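Subject: Structure for you to look at, with notes

Dear colleague,

I am passing on the structure we spoke about, and my notes on it follow directly below the sequence and the coordinates. Please read them with the structure open beside you.

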Amino acid sequence: MSKVTLVYFSPTGNTEKSLKAMARGLRAEADVVDVTTDASTDIVRFRENDRVIFGAPVYVGRIPTVARERLARFRGVQTPCIVTVTYGNRHYDDALLELADMAREQGFVVVGAAALVGRHTFGEIQVDRPDGDDLAADGEFAARAFSLAREVKDIPGNRPYREGGGGGKFRPLTSEECVHCGLCVKLCPVHAIADDCETVADTCLSCFRCIRRCPKGAKNMDTEAYRGFASAFSEKLKARRENEYYC
């Protein structure tokens, strides 16, 4: 099989893990285009014999607006692709259909679509997902989808799409453990963290990437309001959901 290109927006790494597992399943050399912090508008074109896998998380039933903007620069010419969305065990609503529609509009042929469960940003929900079984299934699915190479038309979702895709309301705090290394500033997908490593703009997505990646554990959501919400949300979404694959 020809080389495969992975294109993803993955603030906390769930989508990245799944797409790399798909590349392993294909036993193919993989190029990686991580648009999580890359706001370039340069057009990237693929040919008919290329293979592309797109991935993005689900934010309130849609792909994040910023992800849609960054994925808009990739163009195909009847190029086979797989589209994937990763969600935190609630539901993916219209996100998978939205990403598939977008890929088709940009010249790709969707030969596979997948809704994948990963650790939710908030609370303690599916904290070990994607697990080994998930990643093995991802690889098998990708190999099957590109082997069959038939367009997938019946993808769950509705048009017009539901409201969603914006950021959440939570703004990470910074404790005295902060050493002002600047990593959170560098890694923020929307550059919402000021150079002081503490001031957070309203453009924040509440993706909690800074919390997950802070080497000192200084970034946090240690507030009574968040703890109460996270506890109730974790209880509500404790039942395991399975991945859905379409090809």
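F54 stands opposite V83 in β6, and this pair is a convenient place to start in what is, please bear in mind, a predicted model. The strand that carries F54, β4 (residues 51-57), is joined to β6 by 6 bridges, and the two strands run parallel. Another pair in the register between them is V52, whose bridge partner in β6 is C81. V52 also serves on the other flank, since in β4 it is the bridge partner of T5, and there 5 bridges join β1 to β4, again with the strands running parallel.

How many of the residues of β4 are buried? The count is 7 of 7, so that the strand is mostly covered. R51, I53, G55 and P57 point one way from β4, whereas V52, F54 and A56 point the other way, and all of them are buried.

The neighbouring strand β6 (residues 79-87) gives a similar picture. Because 9 of its 9 residues are buried, β6 is largely enclosed by the rest of the structure. From this strand T79, C81, V83, V85 and Y87 point one way and P80, I82, T84 and T86 the other way, and burial holds for all of them.

On to the next strand: 9 bridges join β6 to β7 (residues 108-117), and these two strands run parallel. Within that pairing, T84 stands opposite A114, and V85 stands opposite A115. The chain makes its way from β6 to β7 through helix α3 (residues 95-105), and the resulting β-α-β crossover is right-handed.

At the start of the chain the arrangement is of a related kind. 5 bridges join β1 to β2, which run parallel, and in β2 the bridge partner of V7 is V33. Here the chain crosses from β1 through α1 to β2, in a β-α-β crossover that is right-handed.

Taken together, 6 strands form an open sheet in the order β2-β1-β4-β6-β7-β10, with mixed pairing. Why is one side of β2 and of β10 (244-246) left without a neighbour in the sheet? These two strands stand at the edges and have a single partner strand each, so one side of each stays unpaired within the sheet. On average, and with direction ignored, neighbouring strands of this sheet are turned by 15 degrees against each other.

Two helices that pack on the sheet deserve a closer look. Helix α1 touches β1, β2, β4, β6 and β7, and its direction makes about 170 degrees with that of β1. Helix α4 touches β4, β6, β7 and β10, and its direction makes about 165 degrees with that of β7.

As for α1 itself (residues 14-26), it has 13 residues and reaches 19 Å from its first C-alpha to its last, which is close to the 18 Å expected at 1.5 Å a residue. Its buried residues are N14, T15, S18, L19, A21, M22, A23 and L26. An α-helix has 3.6 residues a turn, so residues three or four places apart point the same way, and you may like to keep this in mind when you view the helix. The buried residues of α1 pack against β1 (4-8), β2 (30-34), β4, β6, β7 and also α4 (132-148). The helix is followed by R27, whose phi is positive, near 55 degrees.

Two single residues in loops complete these notes. D131 lies in the loop between β7 and α4, and because its relative accessible area is 18%, under the 20% limit, D131 counts as buried. The side chain of D131 reaches the backbone nitrogen of D134 at 2.8 Å.

C214, in turn, lies in the loop between α6 (209-213) and β9 (219-220). Is C214 buried or partly exposed? Its relative accessibility is 22%, and therefore C214 counts as partly exposed. The C-alpha atoms of C214 and T121 are separated by 15 Å, and these two residues are 93 residues apart along the chain.

With best wishes

Key
Residues are numbered from 1 along each chain as its sequence is written. This is a predicted model: local features need pLDDT of at least 70, side-chain atom pairs count only at pLDDT 80 or more; totals for chains, interfaces and linings use all residues. Side-chain values use heavy atoms; hydrogens and water are left out. Buried means under 20% relative accessible area, exposed over 50%, partly exposed in between (1.4 Å probe, protein chains only). Helices (H or I, at least four residues) and strands (E, at least two) are DSSP runs, numbered from the N terminus. Two strands pair if DSSP finds at least two bridges between them. A crossover is right-handed if, with the strands pointing away from the viewer, the path from the first strand over the helix to the second runs clockwise. The expected span of a helix is 1.5 Å times one less than its number of residues. Contact means heavy atoms within 4.5 Å. A polar contact is a pair of N or O atoms within 3.5 Å; within protein, one must be able to donate a hydrogen and the other to accept it, and residues adjacent in sequence count only if both atoms are side-chain atoms. Axes are lines fitted to C-alpha atoms, for helices over the stretch in contact, and angles run from 0 to 180 degrees between N-to-C directions.
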